[in-house]
Each structure stands twice: as C-alpha cells, then as structure tokens.
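Me: I'm new to this structure and would love a close look at one part of it. Could you walk me through the empty spaces enclosed inside the protein and what surrounds them?

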Amino acid sequence: MDGRYEPVESPDETTVFPYHDLTPPTTADVARARKVVRQHLPTTPLVRSETLSADLDAEVYLKREDTLPTGAFKVRGGVNLVSSLSAEFREAGLITASSGNHGQSIAWAGREFDVPVTIGVPAEANDGKVAAMERLGAEVIRHGPDYDAAREHIERLAVERGARYVHSGNEPKLVAGVGTAGLEVVNELPDVDRVFCPVGGGTSAAGYCLTVGELTDADVVGVQSEAAPAMHRAWTDGSLEPHDRMETTAEGVATRVPFALTMGVLGDGLADFRLVSEDAIRDGVARLFADERIVMEGACATAVAAAVEAGDEIAGETVVVPVSGRNIDLAKLDRMLAESEYSA
C-alpha cells in the first residue's frame with residue numbers, strides 16, 4: 001500500500017497519518033479561515049440571556065451556534081478543512097469517526113464541496129444525529145461501545161480505502177474554522193470578561209483561546225463533565241494518557257483520550273478548567289429550556305453549569321456562554337426535564 005496512508009502514533013495515543021499536521025493554528029490562521037467560512041455559513045447571534053443575567057448579577061450572552069445548518073459549531077471547522085482538500089483525496093473521499101456533531105459537520109461540508117464522506121459512530125449513537133448524517137449523503141458505520149472504539153475501527157478502514165482520515169481534534173484547519181465563532185464575539189462584544197466553554201476534544205475552547213483569549217483581556221474557562229475528565233487531567237498534570245473514566249451522558253464531551261493538538265493550545269490558553277457534575281449538566285439543559293425555550297445538548301450545559309456555580313465570582317462581569325449544539329435525543333431531553341427542578 002502507498003506509504004502516505006500508513007498511520008503513525010501520536011503522543012496522545014490516537015492515530016495520525018503523514019498528511020496530518022500537529023502544529024497548533026494561530027490567530028492569523030483563524031482570520032484566514034473566516035474568509036472561507038463566511039462564504040458558506042452565517043454569523044451566529046450573540047444574545048443576552050435575561051434570566052442568567054438576572055440570576056448571576058452579570059451580563060450573560062449566549063453565542064447561538066445551535067442556529068448553524070447542522071445545529072452545532074463544528075460545521076465551521078468542516079467547511080474550512082474540506083474547502084482546501086487536496087485533489088488526491090477528492091475521489092477517495094473523507095472518512096472520520098464521530099459521536100454526532102463532528103460527523104454532521106464533515107458530511108455537510110462534503111456535500112457542499114462534492115466530496116464523498118464515510119463516518120464511523122458508536123453502536124448506540126444518537127439516532128437523530130445518525131439520520132442527519134445520512135440525509136447529508138454520508139455513509140454511516142456503527143461500531144463499538146463508544147467514540148474511541150469507533151475511531152479505532154475507522155482509522156483501520158481509512159488505511160484500507162486510501163481515504164483522507166479526518167481526526168476530530170488533531171486538525172489545525174478544523175480548529176481554525178471553529179475559532180471563527182470567537183472572532184464574531186470579539187467584533188460584537190470586545191469588552192467580554194469571561195467565556196465558559198465546553199471541552200470534549202477541545203476544538204471549541206482552543207478556538208476561543210486563539211481569538212477572545214488573544215485579542216481581549218477576557219479569561220477563557222474550559223468546562224468538562226467530572227464523569228469524563230480526560231482533558232481536564234491533561235490540562236492539570238500534562239498527561240496525554242487515556243483516562244479510565246468516561247461515564248457522562250453528554251456525548252459531545254464523552255471522550256477518554258486527550259488530543260495533542262488542542263492541548264497544545266489549551267495548556268497556555270485557558271485561564272482555568274473546571275469540572276461539573278452530571279446533575280448540574282442535567283439542570284443546565286432544563287434551565288435554558290424552561291427559562292428561554294432553548295433546546296441544547298448536555299455538552300453545552302457544562303458551560304451553563306460552570307457559570308451558575310461561579311455565582312458571585314462573576315457578578316458584574318460580561319460573560320459569554322456558547323450554545324454549542326442543539327442535537328439532543330428527544331428521550332434524553334424528556335428525562336432531563338422530568339428529573340430536574342427546572343422542568344417546564
């Protein structure tokens with residue numbers, strides 16, 4: 001087989017192919033990505049949350065990434081990466097693994113640029129997200145109990161097919177594309193003091209570090225479920241080893257393997273990194289639905305939970321919370337609403 005398809009091992013225990021670049025993107029890369037992304041995607045609203053602002057005695061703004069075509073922020077990265085795909089891979093296509101939103105972003109971008117896409121998902125993946133990927137023309141392969149098992153399977157398939165493997169985190173163009181949301185925040189709200197950002201693989205938080213963190217005096221705070229703390233441990237003690245705990249119900253942050261590229265940005269870029277409980281995540285989903293009729297995923301609710309738990313610490317500040325995705329399973333949403341004190 002052609003040597004260019006043979007994978008090598010990266011420091012974070014996930015496969016990296018020779019065409020991958022683990023050099024972290026820069027703020028200038030995000031600015032270049034914006035020229036591409038704005039041709040295909042709208043600027044998303046930055047809306048003041050009346051209820052959170054009143055409850056926290058702060059100016060709290062929601063960055064509504066859920067209004068993007070796939071219902072989540074990741075499509076920004078998909079567009080930026082696929083727009084520059086080399087000719088050698090346009091026929092063989094793209095192949096990736098996903099718990100849902102990353103796969104939709106690559107499927108959407110593949111359709112936009114007429115490139116075939118194959119996506120590996122966990123066997124019990126969110127049915128709504130799988131259906132959405134298939135509607136966008138992607139081939140979807142279910143495999144294994146979680147994202148990392150699906151990823152390992154799809155990496156082997158990438159070698160067999162000679163397709164362009166798209167890692168969900170170790171891709172500078174993905175991170176730069178996702179970072180364009182941060183440039184929109186800087187342009188609209190340059191006096192922001194703090195951003196609470198969910199962390200799964202870390203692309204969104206890295207994007208905010210490269211933009212809001214670099215271009216303003218704001219602190220970027222990463223947030224992860226205490227039931228899936230791999231990236232938090234990596235940030236805290238520098239370990240890129242897989243974590244033995246991954247029990248969160250919030251699939252957008254359900255990773256047990258830290259990503260080397262995003263940690264390269266988050267290591268210095270995050271002002272703080274916090275963990276929240278599964279109960280707090282549930283209450284965050286229910287709170288925004290009950291108070292503002294916003295449907296969001298558990299991953300987004302990590303940031304809501306961290307802002308609420310910060311309490312007096314953020315009083316008087318201008319705070320941004322990304323609503324990073326709306327693609328929550330209806331049954332899961334129903335359970336969260338029923339079990340929370342914030343039920344409608």
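Reply: Happy to help; here is a walk through the cavities, one after the other. Please keep in mind that this is a predicted model. Rolling a probe the size of a water molecule over the atoms shows where empty space is left. In this structure, two cavities of 30 Å³ or more turn up.

Let's begin with the largest cavity, which holds about 330 Å³ of space. Its lining is made of 27 residues, and those nearest the centre are Lys74, Gly200, Gly201, Gly252 and Val253. Three elements each give two or more residues to this lining: helix H5 (101–112), strand E9 (194–198) and helix H10 (203–210). By residue type, the lining of the largest cavity has 14 polar, 10 nonpolar and three charged members.

Now for the second largest cavity, with a volume of about 50 Å³. Around it you will find Lys74, Gly77, Gly78, His102, Ser105, Ser168, Leu174, Val178 and Thr203. Here the elements that supply two or more residues are helix H3 (75–83), H5 and helix H8 (172–178). The lining of this second cavity divides into six polar, two nonpolar and one charged residue.

If you compare the two, Lys74 is a good place to look: this residue lies among those nearest the centre of the largest cavity, and Lys74 also lines the second largest one. Helix H5 likewise gives two or more residues to the lining of the largest cavity and to that of the second largest.

For the wider setting, an unreviewed UniProt entry annotates residues 38–325 as "domain: Tryptophan synthase beta chain-like PALP". Over that stretch the chain is 45% helix and 17% strand, and its end C-alpha atoms are 19 Å apart.

Definitions and conventions
Residues numbered from 1 in each chain as written. Predicted model: local features only at pLDDT ≥ 70, side-chain atom pairs only at ≥ 80, totals over all residues. Heavy atoms only, no water. 1 Å grid on protein atoms, 1.4 Å probe; cavity = no way out; pocket = protein on both sides within 12 Å on 5 of 7 lines; lining within 4 Å. Points joined across faces, edges and corners; volume = space filled by probe spheres on them. Helix = DSSP H or I, 4+ residues; strand = E, 2+ residues; numbered from the N terminus. Nonpolar A, V, L, I, M, F, W, Y, C, P; charged D, E, K, R; others polar. UniProt positions renumbered as here; feature names shortened; annotations may be inferred.
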